[in-house]
Amino acid sequence: MSVLIYAENINGRFKKSCLESLTYGVKLAKTHNTEAIVITIGNASDTDCSNLGVYGVSRVLNVRDEALITLNTQAYTRVIAEAAKAHHTTVIVLYHNSTGRAIAPRLAVRLKAGLVTAATTLLDNNTIQKNVYAGKAIATYKFNSDIKVITINPNSFPIEEAEGTAAVESFTTRYPDTDLNTKVIETNRQTGTIPLPEAELVVSGGRGLKGPENWGMIEELANILGAATACSRAVSDLHWRPHHEHVGQTGLTIRPNLYIAIAISGAIQHLAGVNGSKTIVVINKDPEAPFFKAADYGIIGDAFEVVPKLNEALKVYKAAL
Amino acid sequence: MNFLICIAKVPDTTSKISFIDNNTKFNEDKIQFIINPYDEWYALVRALEIKEANSGTVTVIHVGRADSEQVIRKALAIGADQAVRIDADVTDSMTVATYISDYAKTRSFDIIMTGKESIDHHSSAIGGMIAEMMDLPFISLATKLDMNGSVATIEREIEGGKEIIKTQTPFVLSAHKGMAEQRIASMRGIMAARTKVIETLSPQVISPLVEAISFQLPAEKSACKMIEPDDMQALVNALHNDVKVI
């Protein structure tokens with residue numbers, strides 16, 4: 001028996017997202033009195049793998065393969081499934097990001113396992129919870145399968161550090177050459193900005209800001225806080241901001257520690273994407289804006305007056321730290 | 001180019017959600033059902049655009065009972081050529097993916113598309129499962145799809161950026177915002193949809209590997225604390241001292 005955790009590395013580096021998966025998998029292994037084993041694919045160094053021991057894992061399977069530095073759902077699935085079989089894995093843990101979404105369903109089929117994605121609780125006996133209907137409800141699922149595949153919801157499990165180093169083993173599995181007919185030919189990652197799904201602090205603007213030229217103060221606020229920027233659907237539909245900043249029922253669902261909504265009325269579809277946030281601050285000049293009902297802190301006022309004042313107050317606060 | 005587009009039936013985005021039978025079942029009373037927006041706005045519309053620019057057919061497939069007809073007719077009105085309904089209850093993703101791949105294996109589709117996820121259970125699972133069942137490539141969260149003969153160039157969203165992928169038909173793809181713009185059915189489309197054929201298939205019952213056994217509503221938010229617009233210091237203090245998020 002074992003819990004197998006897929007830890008994603010990007011060009012050899014482990015990110016916060018995979019550390020959340022590690023924390024989850026290690027906890028789960030403890031409650032099941034079994035071993036937590038990590039698998040990573042690509043070009044991570046054995047030293048970096050060994051350092052994952054800080055998060056409580058004792059073994060890391062390092063699949064070093066130049067052909068698999070970028071995601072290939074077919075080959076990744078074969079490799080992880082073989083590792084699971086070799087280590088009598090009963091639970092596989094992945095992160096609910098673009099990679100987890102792409103390989104978890106394939107793994108479930110290959111291992112005849114039940115799958116629950118975006119889980120928000122630790123697996124307890126055979127039950128687990130997740131948010132459904134865009135966060136308007138929480139569902140409890142029961143697994144009927146011996147093997148279980150779980151992707152964990154971002155920002156739902158705080159990273160816990162322990163002590164130690166992990167033993168690193170190399171692991172390989174053969175996969176057909178035809179898997180490599182699907183290839184990533186280019187990767188563009190914005191540098192210097194925080195990916196919205198992983199951000200702990202988010203500053204978001206709505207149509208009430210009147211135009212893309214008025215985003216300067218929003219970006220300033222985000223910079224001061226070290227926050228990511230987001231927007232409402234109306235704003236992305238008007239092409240004021242890129243699509244990938246759209247949060248809401250048909251955009252991204254995020255759960256940051258702090259969500260500051262500026263000049264967003266708070267339509268039910270928008271709330272669906274952000275109502276998992278720990279603290280919500282709403283700045284809106286309309287006292288009847290529905291967003292105030294979902295907010296922890298509300299400021300009734302014109303964003304063009306309030307936000308610069310907030311920026312000044314935050315600069316003073318940051319300077320005093 | 002022959003497309004198979006998987007469409008789910010979901011409650012309208014403005015629906016008030018409640019449950020019946022001791023919180024074990026979704027309350028469908030007064031609920032308006034729609035095609036899952038990701039399936040309709042992005043997957044179906046992009047398939048239609050590519051078909052119109054080249055040639056081929058767009059087939060929509062749906063797992064559900066007879067009361068799904070209105071949702072299927074809508075897809076036909078937007079422009080799908082034909083529809084298949086697998087007459088079964090929706091249980092877990094694996095069951096739905098099995099029904100759809102069993103059907104797809106009997107035909108020859110070049111591209112099978114789903115939406116990124118359904119807006120009810122958000123599983124984001126059907127596309128990847130179908131791909132594995134048919135041993136096909138799977139590209140998730142695609143925001144752009146261009147075809148050149150049988151070669152596809154696909155943009156896909158990743159954390160903080162995008163990836164460009166090359167693959168060949170046949171493949172499975174899940175569609176995300178950016179793929180296409182929502183299309184409104186024309187009167188002509190609506191009329192034409194009335195006479196298009198919906199093939200109905202009865203599959204064998206599969207026992208689900210995962211079941212939703214109960215539901216609950218999230219805890220009510222406590223009342224919003226109002227802060228004066230002139231006193232941003234008070235907000236900073238509250239965020240730092242009270243909720244400790246900065």
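In chain A of this predicted model, residues 24 or more positions apart account for 65% of the contacts with a separation of 6 or more. In chain B the corresponding share is 70%.

## The two chains

The secondary structure of chain A consists of nine helices and 17 strands. Its radius of gyration is 21 Å, close to the 20 Å that the globule rule gives for 321 residues, so chain A is as compact as a globular protein of that length. Chain B has six helices and 15 strands. The table sets out extent and burial for each chain.

| Chain | Box of the C-alpha atoms along the principal axes | Buried residues |
|---|---|---|
| Chain A | roughly 60 × 40 × 40 Å | 56% of 321 residues |
| Chain B | about 65 × 45 × 40 Å | 50% of 246 residues |

## Domains of chain A

Chain A is divided into domain 1, residues 2–181, and domain 2, residues 196–319. The C-alpha centres of domain 1 and domain 2 of chain A lie 32 Å apart. Where these domains touch, domain 1 of chain A gives 10 residues and domain 2 of chain A gives nine residues. On the side of domain 1 that touches domain 2 in chain A, two residues are nonpolar, six are polar and two are charged.

## A covered strand in chain A

Strand S10 of chain A, residues 148–152, is mostly covered, with five of its five residues buried. In a regular strand the side chains alternate between the two faces of the sheet. In S10(A), A:Lys148, A:Ile150 and A:Ile152 point one way, while A:Val149 and A:Thr151 point the other way, and all are buried.

Two strands of chain A are joined to S10(A). Strand S6 of chain A, residues 89–95, runs parallel to S10(A) and is joined to it by five bridges. Strand S7 of chain A, residues 114–119, also runs parallel to S10(A), through four bridges. A:Ile152 of S10(A) is the bridge partner of A:Tyr95, and A:Ile152 is likewise the bridge partner of A:Ala119.

## The contact between the chains

The contact between the chains takes 76 residues from chain A and 63 residues from chain B. On the side of chain A that touches chain B, the largest share, eight residues, comes from helix H4 of chain A, residues 98–110. By class, that side of chain A has 35 nonpolar, 28 polar and 13 charged residues.

## A sheet of 10 strands

Strands of a sheet pair through backbone hydrogen bonds, either parallel or antiparallel. One open sheet holds 10 strands with mixed pairing, in the order S12(A)-S11(B)-S10(B)-S9(B)-S12(B)-S8(B)-S1(B)-S6(B)-S7(B)-S13(B). Its edge strands are S12 of chain A, residues 183–189, and S13 of chain B, residues 198–201, each of which pairs on one side only. From one strand to the next the twist averages 30°.

At one end of this order, six bridges join S12(A) to strand S11 of chain B, residues 161–168, and the two run antiparallel. A:Asn188 has B:Lys162 in S11(B) as its bridge partner. At the other end, strand S7 of chain B, residues 82–86, runs parallel to S13(B) and is joined to it by four bridges. There B:Ile86 stands opposite B:Leu201 of S13(B).

Helix H1 of chain B, residues 37–53, lies across strands S1, S6, S8, S9 and S12 of chain B. The helix runs at about 150° to S8(B).

## A sheet of six strands

Another open sheet has six strands with parallel pairing, in the order S14(A)-S13(A)-S15(A)-S16(A)-S17(A)-S15(B). Strand S14 of chain A, residues 228–231, and strand S15 of chain B, residues 225–226, stand at the edges with a single partner strand each, so one side of each is left without a neighbour in the sheet.

Strand S13 of chain A, residues 201–205, is joined to S14(A) by four bridges, and the two run parallel. The bridge partner of A:Ser204 in S14(A) is A:Ala230.

Two helices of chain A pack on this sheet. Helix H5 of chain A, residues 216–225, touches S13, S14 and S15 of chain A, and its direction makes about 175° with that of S13(A). Helix H9 of chain A, residues 303–319, touches S15, S16 and S17 of chain A, and its direction makes about 135° with that of S16(A).

Definitions and conventions: Residues are numbered from 1 along each chain as its sequence is written. Chains are lettered from A and ligands numbered from 1 in the order in which they are written. This is a predicted model: local features need pLDDT of at least 70, side-chain atom pairs count only at pLDDT 80 or more; totals for chains, interfaces and linings use all residues. Two strands pair if DSSP finds at least two bridges between them. Axes are lines fitted to C-alpha atoms, for helices over the stretch in contact, and angles run from 0 to 180 degrees between N-to-C directions. Two residues are in contact if their C-beta atoms, placed from the backbone, lie within 7 Å. Ala, Val, Leu, Ile, Met, Phe, Trp, Tyr, Cys and Pro count as nonpolar, Asp, Glu, Lys and Arg as charged, and the others, Gly among them, as polar. The radius of gyration is taken over C-alpha atoms; the globule rule is 2.2 Å times the number of residues to the power 0.38. A residue is buried if 20 or more other C-beta atoms lie within 10 Å of its own, exposed if 12 or fewer, and partly exposed in between; C-beta atoms are placed from the backbone. Domain bounds come from an automatic or database domain assignment.
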